[in-house]
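User: I would like to go through this model and ask, for each label, what it rests on. Please set the values against the cut-offs.

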Amino acid sequence: MNHPTPSSRLVYGAHCAHLRHKGMYVTSLEAADAAVADSYHATSYWCTCTQKALGPDGQPVAADRCHPGSGRACCAG
């Protein structure tokens, strides 16, 4: 089944397009780093492909793990 790639105005290409966290839907931060990570590293992430905290490759999703240079085949830049 083919699903359209979800988009968010807070996803800038620095991270996987499928990476999400709750703050992306409630904050209006414009800086790419601030939109994807907080200073306390307490953010819970999920992948829009699996709707879980694990990506399609079975590995955990996080801002430091899901970016185009991470080497993950599932990462959508």
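**Cavities and labels**

Analyst: The largest cavity has a volume of about 90 Å³. The model is a predicted one.

User: What makes it a cavity, and how many does the search find?

Analyst: A cavity is a set of grid points where a 1.4 Å probe fits but cannot get out. With a threshold of 30 Å³ or more, the search of the whole structure finds 2 cavities. The largest cavity is lined by 13 residues, and the closest to its centre are Cys16, Cys47, Val61, Cys66 and Cys74.

User: Why is the pair aspartate 57 and arginine 72 called a salt bridge?

Analyst: The label asks for a side-chain nitrogen of Lys or Arg within 4 Å of a carboxyl oxygen of Asp or Glu. Between the side chains of aspartate 57 and arginine 72 the N to O distance is 2.6 Å, so the pair qualifies. The structure holds 1 salt bridge. Aspartate 57 and arginine 72 both lie in the segment after strand E2 (45-47), so the salt bridge ties together parts that are 15 residues apart in sequence. The C-alpha atoms of the two residues are separated by 7.9 Å.

User: Are the two partners, aspartate 57 and arginine 72, buried or exposed, and how do you know?

Analyst: Buried means under 20% relative accessible area and exposed means over 50%, with partly exposed in between. Arginine 72 has 14% relative accessibility, so arginine 72 counts as buried. Aspartate 57, at 35%, is therefore partly exposed.

User: Which residues does arginine 72 contact, leaving aside neighbours within four places in sequence?

Analyst: Arginine 72 is in contact with Gly55, Asp57, Gln59, Pro60, Val61, Arg65 and Cys66. In addition, a polar atom of the arginine 72 side chain lies 3.1 Å from the backbone oxygen of glutamine 59. The cut-off for a polar contact is 3.5 Å.

User: Why is arginine 20 called buried?

Analyst: Arginine 20 has a relative accessible area of 1%, and the label needs a value under 20%, so arginine 20 is buried. Arginine 20 belongs to strand E1 (residues 19-21). A polar atom of the arginine 20 side chain lies 2.8 Å from the backbone oxygen of alanine 17.

User: What makes glutamine 51 stand out, and is it buried or exposed?

Analyst: Glutamine 51 has a phi near 60°, a positive value in a residue other than glycine. Most residues other than glycine have a negative phi. Glutamine 51 sits in the segment after E2. With a relative accessible area of 54%, against a cut-off of over 50%, glutamine 51 is therefore exposed.

User: How do you know which element of the protein chain has the lowest confidence?

Analyst: By mean pLDDT, helix H2 (residues 32-36) has the lowest value among the elements, 53, and E2 has the highest, 93. For the protein chain the mean pLDDT is 77, and 64% of the residues reach 70 or more. Where pLDDT is low, the predicted coordinates should not be read in detail.

User: What is the order of the elements, and how much of the chain is buried?

Analyst: The protein chain has 2 helices and 2 strands, which run β-α-α-β from the N terminus on. Of the 77 residues in the protein chain, 30% are buried. Among contacts between residues at least 6 apart in sequence, 35% join residues at least 24 apart.

Methods: Residues are numbered from 1 along each chain as its sequence is written. This is a predicted model: local features need pLDDT of at least 70, side-chain atom pairs count only at pLDDT 80 or more; totals for chains, interfaces and linings use all residues. Side-chain values use heavy atoms; hydrogens and water are left out. Helices (H or I, at least four residues) and strands (E, at least two) are DSSP runs, numbered from the N terminus. Buried means under 20% relative accessible area, exposed over 50%, partly exposed in between (1.4 Å probe, protein chains only). A polar contact is a pair of N or O atoms within 3.5 Å; within protein, one must be able to donate a hydrogen and the other to accept it, and residues adjacent in sequence count only if both atoms are side-chain atoms. Contact means heavy atoms within 4.5 Å. pLDDT is the predictor's confidence in each residue, from 0 to 100. On a 1 Å grid over the protein atoms alone, a cavity is a set of points where a 1.4 Å probe fits but cannot get out, and a pocket is an open set with protein on both sides within 12 Å along at least five of seven lines; lining residues have an atom within 4 Å of a point. Grid points are joined across faces, edges and corners, and a volume is the space filled by probe spheres set on the points.
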